[in-house]
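Student: I am new to this structure and would like a close look at one part of it. Please pick a strand with something to teach me, and then follow its connections outward.

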Amino acid sequence: MDKVPMLQEGYEKLTADLKALRAERPQIVDAIEEARAHGDLSENAEYHAAKERQGQVEAMIGDLEGKIGRAQIIDPTTLSGDKVIFGATVTLLDEDDKPVKYQIVGQTEADASKGRISYTSPIARALIGKKVDDEIEVTVPSGDKFYLVEKIEFV
């Protein structure tokens, strides 16, 4: 089984989501019992909806338990070096010399609007292993983009 790298806050979010889903289980069972009491199950939309929700919740619980079980929590403040790795915060200069800042994080904590990109994203994959003053080329839907690595931080 492959480890799933993530920051501490990503791990905490997964465990909170798992706790919420587990708390929902008894409510779903109650909804199924109530719908079952209404009689004919073949035409009982409430019953089918509750059973479908039960299946979704169980699948999500299984997925979260798998990720939590394989979690490898990484604290970027304990890292150092001159190469881009998971957890690094990288300042790039685009073609117009405008700075762009990204932190490379796990898939569950990625949020591009906050400058947090998944280590599996095209930009992060191009950055991993690069040093300051290295250039990268990334193919995105709008075309090819070129960046210069200006700064690497571990915060």
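Tutor: Let's start with a term we will need: two strands are said to pair if DSSP finds at least two bridges between them. Strands themselves are DSSP runs of at least two residues, numbered from the N terminus. Please keep in mind that this is a predicted model.

Our part is strand 3, which covers residues 89–93. How many of its residues are buried? The count is 5 of the 5, so strand 3 is largely enclosed by the rest of the structure. Here, buried means under 20% relative accessible area. You can check the two faces in turn: T89, T91 and L93 lie on one side, V90 and L92 lie on the other, and all are buried.

Now look at what strand 3 pairs with. One partner is strand 4 (residues 99–105), joined to strand 3 by 5 bridges in the antiparallel sense. Within that pairing, L92 has V100 as its bridge partner. Strand 3 and strand 4 form a hairpin with 5 residues between them, and D97 in the turn has a positive phi of about 60°.

Another partner is strand 7 (residues 143–153), which runs antiparallel to strand 3 and meets it over 5 bridges. Here you can pick out individual contacts: L93 is bridged to L148, while T91 is bridged to K151.

Strand 7 then leads us onward to strand 6. The pair is antiparallel and joined by 6 bridges, with T139 and D144 as one of the bridged couples. Strand 6 and strand 7 form a hairpin as well, with 2 residues between them.

Some of the residues we have met return on the surface. D97, from the turn after strand 3, and D144, the bridge partner of T139, both belong to a surface patch of negative charge. Their companions in the patch are E95, D96, D133, E137 and E150.

Where does D133 sit? Its place is the loop between helix 3 (122–127) and strand 6 (135–140). D133 has 60% relative accessibility, so it counts as exposed. That makes a nice contrast with strand 3, where 5 of the 5 residues are buried.

So our walk began with a buried strand, followed its antiparallel pairing with strand 4 and strand 7, and ended at a patch of negative charge on the surface.

Key
Residues numbered from 1 in each chain as written. Predicted model: local features only at pLDDT ≥ 70, side-chain atom pairs only at ≥ 80, totals over all residues. Heavy atoms only, no water. Patch = residues over 30% accessible without salt bridge, like charges linked within 9 Å, V, L, I, M, F, W, Y side chains within 5 Å. Areas by Shrake-Rupley, 256 points an atom, 1.4 Å probe, with all protein chains shown as cover. Salt bridge = Lys/Arg side-chain N within 4 Å of Asp/Glu carboxyl O. Lys, Arg positive; Asp, Glu negative; His and termini not counted. Charge placed at Lys NZ, Arg CZ, Asp CG, Glu CD. Helix = DSSP H or I, 4+ residues; strand = E, 2+ residues; numbered from the N terminus. Buried < 20%, exposed > 50% of the residue type's maximum accessible area, 1.4 Å probe, protein only.
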